[in-house]
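Got a minute to go through this one with me? I'd like to ask things one at a time and have you reason each one out.

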Amino acid sequence: MKFFLDTANIAEIEEAAGWGVLSGVTTNPTLYSREGGRLADFHDHVIRICALVDGPVSAEVVGLERGEMVSEGAELAALAPNVIVKVPTTSEGLAATRELAARGVKVNMTLCFTVPQALMAARAGASFVSPFIGRFDDISEDGVEHLANIVGALRNYDFGHKVEVIAASVRHPQHVVAAALLGADIATVPFAVLKKCLQHPLTEKGLAAFLADWEKVKNS
Ligand code: E4P
């Protein structure tokens, strides 16, 4: 499973890229707004992220009608070769995805919650489908179970093009474990979750012991 960072924060992307584990980035309007992003700077911000990441960078359209999504998507796709256009899983989004895919633009269908939505996204030409886990948990449903259903259903069919599942709305390391065990292609995770995935008390304890013993060697 590949790790994507779910952020629009440049410093976080630089840090994770330095670890050698970053295969892509997903952004959304909320994440950009959280960085204090201004409309006039949006395209430059996407270009900056694309230059830092050796992999797909999802940038989301905000239009609701297919024509708007297609023109926004075409503009975003022209910013850098690794831009993936993020489109919501709606009927207009499906139509836009179909057209963008026909033009050779890769699409990540977002806000995907159910098996039929995922199947339609793949059928319309999406290269990436993003089932949200955490938002199900927020309403007392089992997000991992929904992800399992979507991964299982998509595996049953050949859509005539590569479709990768991005486990999204990841809130903690256990979501990452579940996504990997289910065979999701990618987990897109907030930087805080990525850091938690790396931490283990036995790693810290073991390292402290090694260093303490090395002090004895140095002083011998
Ligand atoms: C995915 O691409 C979304 O940007 C993201 O995972 C949403 O996560 P949230 O439900 O924590 O906002």
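What follows is a run of questions and replies on the fold, the ligand site, two helices and a few single residues.

Me: Before we start, what kind of model is this, and which pLDDT do local features need?
Reply: Numbering runs from 1 along each chain as its sequence is written, and side-chain values use heavy atoms, with hydrogens and water left out. It's a predicted model, where totals for chains, interfaces and linings use all residues, side-chain atom pairs count only at pLDDT 80 or more, and local features need pLDDT of at least 70.

Me: How many helices and strands does the protein chain have?
Reply: Helices and strands here are DSSP runs numbered from the N terminus, with helices being H or I of at least four residues and strands E of at least two. The C-alpha atoms fill a box of roughly 75 × 40 × 30 Å along the principal axes. The count for the chain is eleven helices and eight strands.

Me: What share of the residues in the protein chain is buried?
Reply: Buried means under 20% relative accessible area, exposed means over 50%, and partly exposed is in between, using a 1.4 Å probe and protein chains only. The protein chain has 220 residues, and the buried share is 44%.

Me: Which residues are around the ligand, and how much of its accessible area does the protein cover?
Reply: Taking near as a heavy atom within 4 Å, the residues around the ligand are Asp6, Thr26, Asn28, Lys86, Phe132, Arg135, Ala168, Ser169 and Arg171. An oxygen atom of the ligand is 2.6 Å from an N or O atom in the side chain of Arg135, while polar side-chain atoms of Asp6 and Asn28 each lie 2.7 Å from a ligand oxygen. On its own the ligand has 340 Å² of accessible area (Shrake-Rupley, 1.4 Å probe; for residues, only the protein chains shown count as cover). The protein covers 87%.

Me: Why do the buried residues of H8 sit on the same side, and what arc do they cover?
Reply: H8 spans residues 143-155, and its buried residues are Gly143, Leu147, Ile150, Val151, Ala153 and Leu154. The arc is taken from the directions from the helix axis to the C-beta atoms. Because they cover so little of the way around, these residues end up on the same side of H8, with an arc of only 165°.

Me: What do those buried residues of H8 pack against, and which residue caps the N-terminal end?
Reply: Contact means heavy atoms within 4.5 Å, and by that cut-off the buried residues of H8 pack against strands S5, S6 and S7 and helices H6, H7 and H9. At the N-terminal end, a side-chain oxygen lies 3.1 Å from the backbone nitrogen of Val144, and the capping residue is Asp142.

Me: Which residues of H10 are buried, and what arc do they cover?
Reply: In H10, residues 191-198, the buried ones are Phe191, Val193 and Leu194. They're on the same side of H10, because they cover an arc of only 160°.

Me: Is Thr188 buried or exposed, and which side chain makes a polar contact with the side chain of Thr188?
Reply: Thr188 lies in strand S8 and counts as buried at 2% relative accessibility. A polar contact is a pair of N or O atoms within 3.5 Å; within protein, one must be able to donate a hydrogen and the other to accept it, and residues adjacent in sequence count only if both atoms are side-chain atoms. A polar atom of the Thr188 side chain lies 3.5 Å from the backbone nitrogen of Asp6. The side-chain partner, at 2.5 Å, is Thr26.

Me: Where is Ser169, and what is its phi near?
Reply: Ser169 is in the loop between S7 and H9 and is buried, with a relative accessible area of 8%. Most residues other than glycine have a negative phi. For Ser169 phi is positive, near 55°.

Me: Where does Gly183 lie, and which residues does Gly183 touch?
Reply: Gly183 is in the loop between H9 and strand S8 and is partly exposed, at 35% relative accessible area. Gly183 and Ala153 are 30 residues apart in sequence and 12 Å apart in space, C-alpha to C-alpha. Not counting residues up to four places away in sequence, Gly183 touches Val151 and Arg155.

Methods:
The expected span of a helix is 1.5 Å times one less than its number of residues.
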